[in-house]
Amino acid sequence: WQLGLQGVLHPQPVAFLLADPNPEIRAQAARILGDLREPMGTQGLMSALGDDSPRVRFLAAIALGRIGAPETFEPLLKL
């Protein structure tokens with residue numbers, strides 16, 4: 001996260017963590033992508049809106065709101 005704020009972290013590895021078996025890893029990946037306002041993670045974050053973990057869904061929704069991609073409007077309303 002700190003490296004991402006400095007512009008040194010490539011978001012691709014973080015986006016892959018949205019599929020990690022550990023829900024806390026998925027939640028933190030969503031948080032990082034939202035804090036960085038990284039559009040690369042939009043598809044993974046939209047999938048995370050249906051996650052079993054309420055924390056992952058919560059942080060994915062916040063991240064999508066921060067990214068502000070128009071295609072996320074409908075999935076956010078459904079949540």
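## Close-ups of a six-helix protein

**View 1. Met46 and the residues around it.** Leaving out residues up to four places away in sequence, Met46 touches Leu64, Glu71, Thr72 and Pro75; here, touching or contact means heavy atoms within 4.5 Å. What you're looking at is a predicted model, where local features need pLDDT of at least 70, side-chain atom pairs count only at pLDDT 80 or more, and totals for chains, interfaces and linings use all residues. Residues are numbered from 1 along each chain as its sequence is written, and side-chain values use heavy atoms, with hydrogens and water left out. Met46 sits in helix H4. Helices (H or I, at least four residues) and strands (E, at least two) are DSSP runs, and they're numbered from the N terminus. Is Met46 buried or exposed? Met46 has a relative accessible area of 18%, so Met46 counts as buried. The cut-offs are simple: buried is under 20% relative accessible area, exposed is over 50%, and partly exposed is in between (1.4 Å probe, protein chains only). Find Pro75 too: Pro75 is 29 residues from Met46 along the chain, yet their C-alpha atoms are separated by 6.8 Å.

**View 2. The whole protein, for orientation.** Zoom out for a moment and you'll count six helices and zero strands. Following the sequence gives the pattern α-α-α-α-α-α. Of the 79 residues, 38% are buried. Now take the contacts between residues at least 6 apart in sequence: 52% of them join residues at least 24 apart.

**View 3. Helix H5 and its cover.** Helix H5 runs over residues 54–67, which makes 14 residues. How far apart should its ends be? The expected span is 1.5 Å times one less than the number of residues, so H5 should span 20 Å, and its end C-alpha atoms are indeed 20 Å apart. The buried residues of H5 are Val56, Leu59, Ala60, Ala61, Ala63, Leu64 and Ile67. Their cover includes helix H3 (23–35), helix H4 (42–48) and helix H6 (73–78). Some of the spacing may look familiar: an α-helix has 3.6 residues a turn, so residues three or four places apart point the same way. Just after H5 comes Gly68, with a positive phi near 75°.

**View 4. Ala61 in helix H5.** Ala61 is another residue to find in H5. Setting aside neighbours within four places in sequence, Ala61 is in contact with Leu49, Leu76 and Leu79. Thr72 lies 11 residues from Ala61 along the chain, with 9.2 Å between their C-alpha atoms.

**View 5. H3 packed against H5.** The two helices pack at an angle of about 10°, and their axes are 8 Å apart. Axes are lines fitted to C-alpha atoms (for helices, over the stretch in contact), and angles run from 0 to 180 degrees between N-to-C directions. H3 and H5 are therefore roughly parallel; that label covers angles under 35 degrees, while over 145 is roughly antiparallel, 65 to 115 is roughly perpendicular and the rest is oblique. Residues making this contact include Ala27, Ala30 and Leu33 of H3 and Val56, Leu59 and Ala63 of H5.

**View 6. Salt bridges between distant parts of the chain.** Side chains of opposite charge can pair when their charged atoms come close. A salt bridge here is a side-chain nitrogen of Lys or Arg within 4 Å of a carboxyl oxygen of Asp or Glu, and the whole structure has four of them. One joins Glu24 to Arg55, with 2.9 Å between the closest N and O atoms. Glu24 belongs to H3 and Arg55 to H5, 31 residues apart. Glu24 is partly exposed at 36% relative accessible area, and Arg55 is partly exposed at 40%. Another salt bridge pairs Arg26 with Asp51 (2.8 Å, N to O). Arg26 lies in H3 and Asp51 in the loop between H4 and H5, so this pair ties together parts 25 residues apart in sequence. Both Arg26 and Asp51 are buried. Ser53 is found in that loop between H4 and H5. At 14% relative accessibility, Ser53 counts as buried, and apart from neighbours within four places, Ser53 is in contact with Pro23 and Arg26.

**View 7. A little network on H3.** Arg31 and Asp35 form a salt bridge, their closest N and O atoms being 3.9 Å apart. Both lie in H3, four residues apart, which is about one turn of the helix. Arg31 is partly exposed, at 37% relative accessibility. Which residue joins Arg31 and Asp35 in a network of salt bridges? That's Arg66.
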